[in-house]
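Me: I'd like to learn how to read aromatic pairs in a model. Can you walk me through one?

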Amino acid sequence: MKKWGVYMQSYILKRLLGVIPVVFIILVFVFLMLQLSPGNPVMLLLPENATSADIEEAMKRFGFDRPLYTQFFDFLAGALVLDFGNSMVYSESVLSIVLERLPATLELAFSAIFVALIVGVPLGIIASLRPGTLLDRLASTAGLFGVSLPNFWLGLILIIFLGGTLGWFPTGGRVPFDALQYSGPTNFLLLDTILHGDWNGFKVVLSHLILPAITLGTAVAGMIMRITRSSMLEVMNKDFIRTARSKGINEITVTSSHIFRNALIPIVTIVGLELGSVIGGSIIVETVFGWPGMGSLLITSIGMRDYFLVQGIVFFIALTYVFLNLIVDISYKFIDPRIRY
């Protein structure tokens, strides 16, 4: 047991050290992506009758008058302590703005993954247990349908019919302004309503979350369904599955303890990758539903050429993606003890 703990600590440390060059490359990309884009961001902050002196003073105030390499080293030094300066538009700390919006995006992303799992995994299992049958074809068609649907189109359809025509769900926003009379402690509203014992508030928050979560999770559900089906079909042909059946083990145990467990690694991999993609790809869905997360803030910041805020948001999204993949890598060892690195 002690050897296992030392091994895991060593492996996690190696993986963390491997993240360092990745994060550095992300920082370089984030910096150059905006600095080399055309246009002058300070022109959007100044009135139309601004003089050359006004422009020069603004450039100096935001540090755009310095050499590019000096700006990069200052940016790198600040990023190491998560200090991206102040927003050019909101005049607030970029970190505080991002942390204020981050819980909304994460809550939506995890809800979308939950929807994807409760739909995609059962469909994949059903399809793999009845290959070639009508049930398999229907499940595969549903998975292909989910992957192919543009999420902005699906979101609009859900808003029009389920929100507008039928009136079952709210059509936008995270929660009405007067719905909750408290804030925190986590800023994950579903969790906060439970901690405060506010079940009416829980229903309100959940009703606002359902449509965007379904919209964002549909494509992921289709992907998980297809991976689950193919992975389980591959495991079914292994010798140890035939041995388990020949010993008289009931089919439910064979499916759950042998087939599904050994098919988990591809499923966990795709869930980790898709969770990162969901966080980064929530921009469109947040815009469609007026969801106050990092995605909608990123669109607004790009439109206003708020360089510092855009840099902070993109960096946090990329960093989240990197560490989700790190968690997936570490989880492999717990899923399958035979794995060695």
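Reply: Sure, elements come before rings: helices (H or I, at least four residues) and strands (E, at least two) are DSSP runs, numbered from the N terminus. Here the chain has 14 helices and zero strands. This is a predicted model, where local features need pLDDT of at least 70, side-chain atom pairs count only at pLDDT 80 or more, and totals for chains, interfaces and linings use all residues. Residues are numbered from 1 along each chain as its sequence is written, and side-chain values use heavy atoms, with hydrogens and water left out.

Me: How many aromatic pairs does a search of the whole structure find?

Reply: In general, a pair of aromatic rings is described by the distance of the centres and the angle of the planes. Rings of Phe, Tyr and Trp (its six-membered ring) pair if their centres lie within 6.5 Å; planes under 30 degrees apart count as stacked, over 60 as edge-to-face and the rest as tilted. The search gives nine pairs. Take Phe72 and Phe73: their ring centres are 5.8 Å apart and their planes at 55°, so the pair is tilted.

Me: Is Phe72 buried or exposed?

Reply: Buried means under 20% relative accessible area, exposed over 50%, partly exposed in between (1.4 Å probe, protein chains only). Phe72, at 14%, is buried, while Phe73, at 51%, counts as exposed.

Me: And which kind of pair do Trp199 and Phe202 make?

Reply: Edge-to-face, because their planes are at 70°, with centres 6.0 Å apart. Both sit in helix H8 (residues 199–236), three residues apart, so about one helical turn separates them. Phe202 is partly exposed at 22%.
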